[in-house]
Amino acid sequence: MALKRLVQAAMAAVVLTAAMPASAQKVLKVGSTPTGVPFTFLDTKTNSIQGIMVDLITEIGKDAGFQVQIEPMQFSTLIASLTSNKIDIISAAMFVTPARKEVIDFSEPFYSYGEGLLVPKSDTRTYAKQDDLKGEVVGAQVGTAFVDALKKSGLFSEVKAYDTIPDILRDVNAGRLKAGFADYPILAYNLKQGGFPEARIVESYKPATIGSVGIGVRKGDTELLAKINTSLAKLKANGTVEKILEKWGLKAQGT
């Protein structure tokens with residue numbers, strides 16, 4: 001009888017655990033940026049961070065059994081916030097690079113792209129590569145792979161570092177900057193909204209820095225990384241990733 005009661009108690013505990021409300025799940029802090037539309041952006045209607053990376057990490061959390069609390073912050077502060085335990089995950093338009101992999105760990109990539117070239121609409125020249133802008137003053141976002149690559153190229157008289165991509169768009173739109181380099185999907189999405197009518201993307205330009213976006217975790221957080229990768233693979237296979245990308249105007253692709 002004692003054994004029977006023990007088995008019944010164990011079964012009841014299993015049922016109770018399965019029926020635990022979502023609020024009892026572990027809450028993980030996720031760093032995202034307010035200026036990377038469509039990957040991440042501040043929705044002024046709800047005063048919350050929205051976008052592809054928010055939808056993706058939310059779906060991963062649902063599958064992996066954790067809740068997410070989105071923490072808005074500048075792109076350049078994401079890695080420092082992760083390594084100092086202010087956040088648990090980075091979910092933003094962040095390329096997986098060798099330098100970053102020395103500091104944090106990344107999930108499997110889920111989307112790849114390169115930099116877009118932005119110039120004033122009055123500049124009708126057909127640019128194909130960075131060499132075509134040799135000696136000019138150009139801009140890129142601080143903390144990105146693009147700004148580092150542009151500086152190392154030695155092609156430009158100055159590479160201005162901007163806090164956000166909208167700052168680059170504003171200066172190019174106003175004619176204060178010869179050219180800006182930034183994430184192609186983010187530039188394209190911003191221009192579609194019509195807020196920068198005097199700027200254009202140079203469609204003839206071939207990107208020099210192509211990277212893949214991944215989700216970042218702290219070095220050694222192997223259990224969380226494994227959960228994220230398992231759920232990400234499942235979401236790719238069942239079409240959820242494709243639906244999220246299409247919702248925000250991007251096409252699914254191989255990575």
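This is a short tour of the predicted model you have open, with a suggestion at each stop of what to select.

Residues are numbered from 1 along each chain as its sequence is written, and side-chain values use heavy atoms, with hydrogens and water left out. Because the model is predicted, local features need pLDDT of at least 70 and side-chain atom pairs count only at pLDDT 80 or more, while totals for chains, interfaces and linings use all residues.

**The whole chain**

Start with a cartoon of everything. You should find 9 helices and 14 strands; helices (H or I, at least four residues) and strands (E, at least two) are DSSP runs, numbered from the N terminus. Now colour by accessibility. Of the 255 residues, 47% count as buried, where buried means under 20% relative accessible area, exposed over 50% and partly exposed in between, with a 1.4 Å probe and protein chains only. The accessible surface comes to about 12,800 Å², and 54% of that belongs to carbon and sulfur atoms; these areas come from the Shrake-Rupley method with a 1.4 Å probe, and for residues only the protein chains shown count as cover. Among contacts (heavy atoms within 4.5 Å) with a separation of 6 or more, 69% are between residues 24 or more positions apart.

**The five-stranded sheet**

Select strands 5, 1, 6, 14 and 7. In that order they make an open sheet of 5 strands with mixed pairing; two strands pair if DSSP finds at least two bridges between them. At the edges sit strand 5 (66-72) and strand 7 (104-106), each pairing on one side only. Zoom in on strand 6 (residues 89-90) and strand 14 (residues 216-218), which run antiparallel and are joined by 2 bridges. Ile-90 has Gly-216 of strand 14 as its bridge partner.

Next, add helix 8. Helix 8 packs on the sheet and touches strand 1, strand 5, strand 6, strand 7 and strand 14, with its direction at about 160° to that of strand 14. Axes here are lines fitted to C-alpha atoms, for helices over the stretch in contact, and angles run from 0 to 180 degrees between N-to-C directions. Show helix 2 as well: it lies across strand 1 (26-32), strand 5 and strand 6, running at about 155° to strand 5.

**Helix 9 and its two sides**

Move to residues 240-247, which form helix 9, and show side chains. Thr-240, Val-241, Ile-244 and Leu-245 are buried. Look down the axis of helix 9: the buried residues fall within an arc of 135°, so they line one face of the helix. The arc is that of the directions from the helix axis to the C-beta atoms. On the other side, Lys-243 and Lys-247 are exposed. What covers the buried residues includes helix 2 (52-64), strand 8 (111-120) and helix 8 (222-237). Just after helix 9, select Gly-249, where phi is positive at about 85°.

**Two hairpins in a row**

Go to strand 2 (residues 35-36) and strand 3 (residues 40-43), an antiparallel pair with 2 bridges. Gly-36 is bridged to Thr-40, and the hairpin between these strands runs through 3 residues. Carry on to strand 4 (residues 48-50), antiparallel to strand 3 and joined to it by 3 bridges. Here the partner of Asp-43 is Ser-48. This second hairpin has 4 residues between its strands, and Asn-47 in the turn has a positive phi of about 55°.

**Strand 9 and Val-142**

Select strand 9: 4 of its 5 residues are buried, so it is largely enclosed by the rest of the structure. Strand 9 runs parallel to strand 10 (residues 158-162), with 5 bridges between them; Gln-141 is partnered with Tyr-162.

Now pick Val-142, in the loop between strand 9 (137-141) and helix 5 (145-153). Is Val-142 buried or partly exposed? With a relative accessible area of 27%, Val-142 is partly exposed. Its C-alpha atom is 5.0 Å from that of Ala-161, 19 residues apart along the chain. Other residues that Val-142 touches include Phe-75, Ser-76 and Asp-163.

**Last stop: Ser-212**

Finish in strand 13 (residues 210-213), home of Ser-212. Ser-212 is buried, with a relative accessible area of 17%. Which residue shares a side-chain polar contact with Ser-212? The partner is Ser-112, at 2.6 Å. A polar contact is a pair of N or O atoms within 3.5 Å; within protein, one must be able to donate a hydrogen and the other to accept it, and residues adjacent in sequence count only if both atoms are side-chain atoms. Show the surroundings too: Ser-212 touches residues including Met-94, Phe-95 and Tyr-111.

Methods
Lists of a residue's contacts leave out its neighbours within four places in sequence.
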